[in-house]
Amino acid sequence: MARNELGLLPVSMLVCIFLQLHFAEAAPQLSLVRSLPGFTGAFPSKHYSGYVTLEGSPPKNLFYYFVVSERSPARDPVVLWLNGGPGCSSFDGFVYEHGPFNFEASKAGGLPVLHLNPYSWSKVASIIYLDSPVGVGFSYSDNTSYYVNGDLQTAAETHQFLLKWFEEFKEFITNPFYISGESYAGIYVPTLASLVSNGIKSGTKPEINFKGYMVGNGVCDSHFDGNALVPFAHGMGLISDMMYKEAEAVCGGNYHNPLNIDCQNILYKIDSTLDGLNRYDILEPCFHRGATNDSTTSLIPESFKQLGVATERPLAVRKRIFGRAWPFRAPVADGVIPLWPQLMREDDVQATKWLNDKGVRKAVHADPARTLPLLGSMIAYHKNLTLAGYRALIYSGDHDMCVPFTGTQAWTQSLGYEIVEEWRPWKSNAQIAGYVQEYANDFTFLTVKGAGHTVPEYKPRESLHFFSSWLEDNSGSQRRKPSPEMTAFSFAPVKLPSCLTCRAYLATSSSSLAFDATYVKRAADLADKSAGFTAPHPNYGCVIAASSGNGEKVVVGEGYLYAQGTSPAEVEAAEAAGQLCRGATAYLNMEPDHCLGDQAAVSALIQAGISRVFIGIRHPLQHLRGKAIGAFRSEGLLVDVLGEDLQCKAMEESLKSCLLVNAPLLYRAASQVPFSVLKYAMTLDRKIAASSGHASWISCKKSRARVFELRGRSDVVIVGGNTVHQDNPLLTARHGGGHLPQRIVMSKSLDLPEVENLWDVTEVSTMFMTQRGAKRSFQKFLASKGVEVVHAFVAPKIIGGKNAPSPVGELGMVEMSQALELIDVNYEQVGADILASGFLQPVPDLSPVIPSIDETSAIDPTVSPYESSIIFFYKTWDPYGAFSNFSLHPIRLPDESGEYYHWPSVEHYYQANKFMGSEDPAAKTCLKEIKSARSPEEAARLGRRTQRQRPDLVRADWDSVKIDVMYRALKCKFTTYPYLRSMLLSSAGSVLVEGSPHDLFWGGGRDGEGLNYLGRLLMQLRSELLAEDSASNAHNKKEENQVQKLA
């Protein structure tokens, strides 16, 4: 609310200014903040900051920042603001929500620029921003053991702070005093309010003029908060009626603590549906780790780009990577709780930069930078306080999915108070801003329309409106003063299993093994999440679960491998869980990579403090098999492998999931031939086309969509020449983005039409193949080429015709005993069709026999043994996969502006260089997209596609400089990482060949016809590094000889 909206006459404004100038003199002048880096104007009111020291050995120092009201400091309320976390600095509220400034990122890369916030709560009240408990923000102690805190201790220390603070700021002791906060401050606020109330009753001095409290999107009670997510998701249209009714039926309304497997399964289904939404505001984009924070990127839908921008705030809402609320699914129960600084590492860049600046710390009188048992339900606290006559405002942003308003509304109703004013809209700026329901005992529940978890950040104007109106209490409701006769409230903790998890995945079960099996299966499900979006790769998923203190295990972190060259699943999960990893259990669907060139996955779990690891299957590749398990055990971690260390009925389904999600890799490792899928559609009378050859369409639309999905999961789609003749297919995945498999046409004569869809290679390439050598029988072809799975869509149609083709031709079989039999057959209705799926051979077991090269030659004579002097590398999981330009080894080299930039991979740098120097906006857009690409694969796809479609955007000298660009990137990579340098030098004497069968420039090609420039450059670099080492050794030897002569 602006000053001219407060109804103040010019004379009263002069009086206020006079009183303010005189009034502030009693405050400690050494605490006065006279300026702040980033702000050049005059403060609209006086600011103070510093420490209040509490007794201890050594003492505890609590930091505060006090903003005096801009209106009437002598009369306006004093409000203490506490952010949640637990362990979130209240500078979060100061910087992003209702503080006196808005922050703008500096274009020059320096400190943020500060602007006055027209909707600061200091317009109508004096605000104390307190970093609490000790160890949060600028608050500290020389004894870091104090940082392990509990809620009651936090409340007691904050109460001591208030008593000492009011002794220093005596002029505010008669002002009305309120306590406020959000998120986990739903615990802090009522516990502190109860202590303040008891202090007043017992005569503690100075006597604080406490009037009431307010909590925004606050945690309160495990039953109400934990069961709120499913009804909220249904009400918001995020899950279907069918899913909701099923959840109601099998869970009985108990979503927080599911007691049967059917309930767990539907909750997993709901969770998968909600995955990818921003939990703190379902309307805002969700920025995952590793994703760009630039809201202009083309990877974000256009409809999302303005979300959080169309606000009364001059600067846009910050984009969240993980948020600043209590972590989604994290346990809130008895036990030590980490502080937000331990959980958060990447978000709030501008605030972190500003608050950690030495100039800022000096300006606000903060010391230099220095390197929880929980309560249960808060309902009894709220009831005791309001019955004692203290006012309470409970407000919720109605689009917050972390602490949904449905749970808050439910617990406020459970108090049983008489409704004074029924549910009604409230307005701000002549528009409906939300809804409010008022109860007896000055208890109010209010929603803010369209706001997320941190309401003032999303709706600053509306927040100032309800804050000001509630403080001024224009409702006219009767208020009872605190009654001294009221029985003092007991502070004995109410023990509940947890206070808030926003719904944990699993709860207590009679068998711990059943839960372990379910978590392993969840890891396998996660591992499949990138299918279709990226090229096929080993699928890894990781789930980290920690004990909540009462025997339950709840998920605290999850991750999966998105693509080769991206962050491992274990790293993703460990970062999401933060300090909650300590002593936790990790569940993996497959043993992770662990070799000289890639140890990130194993190191992430060891360094995070994981104590136990459950692994679905061992790695099937010989050079990786058992390496990670050995590394875990050597560090003292307990490792269990399904089917080996653990064998029980509960593990069978999980083991099957682990096998299926990596079936292509297992087949390839066991047989050394590609895993292939034979797909066909036929009528009920077993025809795949009419006698004329017409076949569009046999299967229904849903079946064809399933086919597109299968293509997206493949490296290659192969068809014969007749299919090209008859259907003119595209052979694309048709998902609008993501991985596009290569297309191969097999034809004896290449007698194909000149105009076909397959000849358009702007999106994806097409390869021709002719049959070489003698024709093999179909059965031998299946056995030698790895066609293990058969997919057959059977449509409810009959076409007849003697000459109409069938899916499989003559195989020369005369007896039924010769037939190829399918195992693990599954029938599924897809639209009007029936999908029959089965395996010709079982999925290889956990101990596949890796055939020798001679055995491989027997399977396929075209495969010849590799020469011992040749080292092939191609995929990042190969023995020498670290040599690939797709490997996860960031490099630091200049970008288009000449400034040094951290490129995620060599491929990112190489593709971006194609468009550097161009002033064309399209080239600049492409370059920007490449820099922010989530994986090397995506960077390559963007660069190659643009090069094919818009060759005019590629720099004119590209053909002459691209080898130098690649060499520069490779040299940076191998000189940055010492273990890569050693790995390259250890290959001395061997020929290095990039094994891509498709890239005939950088790779060696299928039959050695490629130019192999990547291998050549690595050998050139190897020679250069060997020469450097030789010269260095000669120099050292010369110095040693000189020393010996002197001696």
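In this predicted model, Asn278 lies in the loop that runs between helix 8 (261-274) and helix 9 (340-343). Although it sits in a loop, Asn278 counts as buried because its relative accessibility is 4%, which falls under the 20% limit. The side chain of Asn278 also finds a partner close by in the sequence: it reaches the backbone nitrogen of Tyr280 at 2.9 Å.

Turning to the chain as a whole, the secondary structure comprises 31 helices and 30 strands. Of the 1047 residues, 53% are buried. The accessible surface amounts to about 45,700 Å², and carbon and sulfur atoms account for 54% of this area.

Among the strands, an open sheet of 5 strands follows the order 16-15-17-18-19, with mixed pairing. Strand 16 (553-560) and strand 19 (638-641) stand at its edges; each has a single partner strand, so one side of each is left without a neighbour in the sheet. On average, neighbouring strands of this sheet are turned by 20° against each other, direction ignored. For strand 16, the pairing is with strand 15 (residues 541-547), in the antiparallel sense and over 7 bridges. Within this pairing, Ser547 has Lys553 of strand 16 as its bridge partner.

A look at the surface brings in another strand. Ile432 belongs to strand 13 (residues 431-439) and counts as partly exposed because its relative accessibility is 32%. Together with Trp423 and Tyr435, Ile432 forms a nonpolar patch on the surface. The accessible area of these residues together is about 240 Å².

Terms used. Residues numbered from 1 in each chain as written. Predicted model: local features only at pLDDT ≥ 70, side-chain atom pairs only at ≥ 80, totals over all residues. Heavy atoms only, no water. Patch = residues over 30% accessible without salt bridge, like charges linked within 9 Å, V, L, I, M, F, W, Y side chains within 5 Å. Areas by Shrake-Rupley, 256 points an atom, 1.4 Å probe, with all protein chains shown as cover. Salt bridge = Lys/Arg side-chain N within 4 Å of Asp/Glu carboxyl O. Helix = DSSP H or I, 4+ residues; strand = E, 2+ residues; numbered from the N terminus. Buried < 20%, exposed > 50% of the residue type's maximum accessible area, 1.4 Å probe, protein only. Polar contact = N/O pair within 3.5 Å; in protein donor to acceptor, adjacent residues only side chain to side chain. Pairing = 2+ DSSP bridges. Axes fitted to C-alpha atoms, helices over the stretch in contact; angles between N-to-C directions.
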